[in-house]
Amino acid sequence: MLPAHSSTAPPPPATLRGSAGILFWTLACLGLIAGWDATAFDTALARIFGNAGGFPLRDDWFFVAVMHEDARRAGWVLMVLLAASVWWPVGWMRRLATADRMQMAASALLALAVIAVFKRASATSCPWDLAEFGGVARYVSHWSHGVFDGGGGHCFPAGHAAAGFAFLGGYFPLRRRLPRAARWWLATSLAAGFTLGLAQQARGAHFMSHTLWTAWLCWTTGWACDLAMAALRRLRTLPGDPLPDGIDASR
């Protein structure tokens, strides 16, 4: 017999309007972020927190211990709980199919991996490494591939903000079965990501563009996971999904 929480009614198929809406906003945000990159807003915002002597909040206890170290641990605790919910769901998570819970956990892990790969390949240094803020590097756009700025590199995109943005992918399976929870999940993930990103910007660890690109990459990774799961569902029944008509689940 299937578990009780797996007997939910099948989610309505994604409509063209819904898919087109997601595509529109994904491309619109991409255009806005690319437009931001074409401005000098990154350095203008950095100057609010830093000067030729560096960033006064770089070693501040609250920003280092609470907003960085504790927030990072909290992100990993949530990741572990999300993974555990695949097999041991509690509360409203029991209303999701097993495959949906698997998608939520997998999309978060994949988003973290995508950000890590981009950071590893990036030659961009952090604001606190720039000569303008007391360092030794010169400013080079993060899209100037192969051009080194003289600093430590590996600062783009914002890895710490991914502790919040990585969970954006959970919106997609939630919206099919629990639309209200999906909106709250989306808003909370965005708020957490931008809060952590702004905290790192105050320390001089990142520019705003780094945070914006992390948000977009995590969202797009979550959407890609959703498209992959939809394609897989067309080929076979996933764990916890309602069985096709005519199949006896008790056999």
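The exercises below concern burial, contacts and nonpolar cores in the predicted model shown above.

Residues are numbered from 1 along each chain as its sequence is written. In this predicted model local features need pLDDT of at least 70 and side-chain atom pairs count only at pLDDT 80 or more, while totals for chains, interfaces and linings use all residues; side-chain values use heavy atoms, without hydrogens and water.

**Exercise 1.** Find where Phe-133 lies and decide whether Phe-133 is buried or exposed.

*Solution.* Step 1: Phe-133 is in the loop between α4 and α5; helices are DSSP runs (H or I, at least four residues), numbered from the N terminus. Step 2: buried means under 20% relative accessible area, exposed over 50%, and partly exposed in between (1.4 Å probe, protein chains only). Step 3: the relative accessible area of Phe-133 is 2%, so Phe-133 is buried. Step 4: contact means heavy atoms within 4.5 Å. Leaving aside neighbours within four places in sequence, the contacts of Phe-133 include Ala-46, Arg-47, Phe-55 and Trp-128. Step 5: Arg-47 is 86 residues away along the chain, yet the two C-alpha atoms are separated by 8.4 Å.

**Exercise 2.** Classify Ser-122 as buried or exposed, and list what Ser-122 touches.

*Solution.* Step 1: Ser-122 is also placed in the loop between α4 and α5. Step 2: with a relative accessible area of 9%, Ser-122 is buried. Step 3: not counting residues up to four places away in sequence, Ser-122 touches Gly-153, His-154, Cys-155 and Phe-156.

**Exercise 3.** Describe the largest nonpolar core and the helices that supply it.

*Solution.* Step 1: a nonpolar core is a set of buried Ala, Val, Leu, Ile, Met, Phe, Trp, Tyr and Cys residues joined through side-chain atoms within 4.5 Å. Step 2: the largest has 35 residues, and Leu-82, Met-104, Leu-174 and Cys-218 have the most contacts inside it. Step 3: among the helices that each supply at least two residues are α1 (16-37), α4 (98-121) and α7 (179-203). Step 4: α8 gives the most, with nine residues. Step 5: a second, separate core of ten residues includes Cys-126, Trp-128, Phe-133 and Phe-207.

**Exercise 4.** Compare the span of α4 with its expected span, and name the helices that its buried residues pack against.

*Solution.* Step 1: the expected span is 1.5 Å times one less than the number of residues. Step 2: α4 has 24 residues, for which 34 Å is expected, and reaches 35 Å from first C-alpha to last. Step 3: its buried residues, among them Met-104, Ala-108 and Ile-115, pack against α3, α5, α6, α7 and α8.
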